[in-house]
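Open your viewer, load the model and get your selection tool ready. We will go from stop to stop together, picking something and looking at what is there.

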Amino acid sequence: MRTSIKLMLAVAAALGAAAPAYAQRQSLADRVGALEAQANNSQANTDMLNQLQALRSEMQTLQGTIEQLQHENEQLKQRNRDQYLDLDGRLNRLEGGAGAPAGDSAPVLPAAAAAPKPAAATTSERAPTVRGDAGSLASAGDERAAYNVAFDALKAGNYADSAQLFQSFLELYPNAAYTPNALYWLGESFYATRNFKMAEAQFSDLVARYPTHDKAAGGLLKLGLSQFGEGNAAQAQQTLEQVVSRFPGSDAARTAQDRLQSIRLGQQLR
């Protein structure tokens, strides 16, 4: 009996001695695992920092590229603006001088893009080309005198007076030899004071009533410019394209073609 008790005590003592050793081994394994986890986390952090640095470098490169493109874009816009202003200036000079139909010595007033300025004109305008009854000129004495009064006001730059005088002329001579010319210069009188709606009405009436008159090409051109001055760019383009197609090779067609290019370039710059 005593022997059994001693044996049990010996086993218990052995087990008690083994337990702390096992606990120590378990604690050491946990510490090793923790250290390995920290090492892994450090490597992940290092990788993340490397990726961030790479992204920063890429962003700097992209930023430099963007700034270069922006600079080139501004240079391109400036060149386009310079070309537009140069073209617009040449068109205004053309419309102010050579824009009138061939053989007509009276002034063609500035284009819609520029503020109207009084323009010098010659002292007379040649007699209009009459299609049909050439004998109608024989009775045009008083008609010509009334027309000259209105035309002299226009040449002097008195556009409000010339508008009233041409309107009075058209009331007196609604279907006379100088009626197409009066319609044209009445439209110019309104155009010069930027009354584009009224100018459009006169040029439209001229083109509709006298499509073969020598003022028709210039009237259709100024109809398109009046529409553009009024803000109807799409309608103006259609009208100017009609000038090019209906009167090919004319001064009006060349001016219309240049104005079309100017309008399109101006739209691209917006």
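## First stop: Pro180

Select Pro180, which is buried, with a relative accessible area of 3%; buried means under 20% relative accessible area, exposed over 50%, and partly exposed in between, with a 1.4 Å probe and protein chains only. Pro180 sits in helix H4. Helices here are DSSP runs of H or I with at least four residues, strands are runs of E with at least two, and both are numbered from the N terminus.

Before going on, a note on what you are viewing: this is a predicted model, in which local features need pLDDT of at least 70 and side-chain atom pairs count only at pLDDT 80 or more, while totals for chains, interfaces and linings use all residues. Residues are numbered from 1 along each chain as its sequence is written, and side-chain values use heavy atoms, with hydrogens and water left out.

Now show the surroundings of Pro180. Leaving aside residues up to four places away in sequence, Pro180 touches Leu206, Tyr210 and His213, where contact means heavy atoms within 4.5 Å. Add Arg209 to the selection: Pro180 and Arg209 are 29 residues apart in sequence, and their C-alpha atoms are 8.3 Å apart in space.

## Zoom out: the whole protein

Switch to a cartoon of the whole protein. You will find eight helices and zero strands, so the pattern along the sequence reads α-α-α-α-α-α-α-α. Colour by accessibility next: buried residues make up 34% of the 270 residues. A contact map adds one more number: among contacts between residues at least 6 apart in sequence, 59% join residues at least 24 apart.

## Second stop: H3 against H4

Two packed helices are described by the angle between their axes and the distance between the axes. Select residues 159–172 for helix H3 and 179–192 for helix H4: their axes come within 9 Å and cross at roughly 150°. These axes are lines fitted to C-alpha atoms, for helices over the stretch in contact, and angles run from 0 to 180 degrees between N-to-C directions. That makes H3 roughly antiparallel to H4; angles over 145 degrees count as roughly antiparallel, under 35 as roughly parallel, 65 to 115 as roughly perpendicular and the rest as oblique.

The crossing of H3 and H4 is left-handed, a term for a near helix turned anticlockwise from the far one by less than a right angle, with clockwise being right-handed. Show side chains at the contact: on the H3 side the residues include Tyr159, Phe166 and Leu170, and on the H4 side they include Leu183, Trp185 and Phe190. By class, the contact of H3 with H4 has 11 nonpolar, four polar and no charged residues. Here Ala, Val, Leu, Ile, Met, Phe, Trp, Tyr, Cys and Pro count as nonpolar, Asp, Glu, Lys and Arg as charged, and the others, Gly among them, as polar.

## Third stop: H4 against H6

Keep H4 and add helix H6, residues 216–229: the two pack at an angle of about 25°, with their axes 11 Å apart. That makes H4 roughly parallel to H6. H4 passes H6 in a left-handed crossing. The contact is made by Tyr184, Glu188 and Tyr191 of H4 together with Gly218, Gly219, Lys222, Leu225 and Ser226 of H6. Those residues divide into three nonpolar, three polar and two charged.

Which of these is worth a closer look? Try Tyr184, which is buried, with a relative accessible area of 1%. The C-alpha atoms of Tyr184 and Phe203 are separated by 6.1 Å, although their positions lie 19 residues apart in the numbering as a separation along the chain.## Fourth stop: along H6

Stay with H6 and ask: how many of its 14 residues are buried? The count is 12, and Lys222 and Gln227 are among them. Gly218 counts as buried at 2% relative accessibility, and its C-alpha atom is 9.7 Å from that of Thr255, 37 residues apart in sequence. Just after the helix, pick Gly231, whose phi is positive, near 100°.

## Last stop: Arg194

Most residues other than glycine have a negative phi. Select Arg194 in the loop between H4 and helix H5 (196–209): Arg194 has a positive phi of about 60° although it is not a glycine. Arg194 is partly exposed, with a relative accessible area of 41%.
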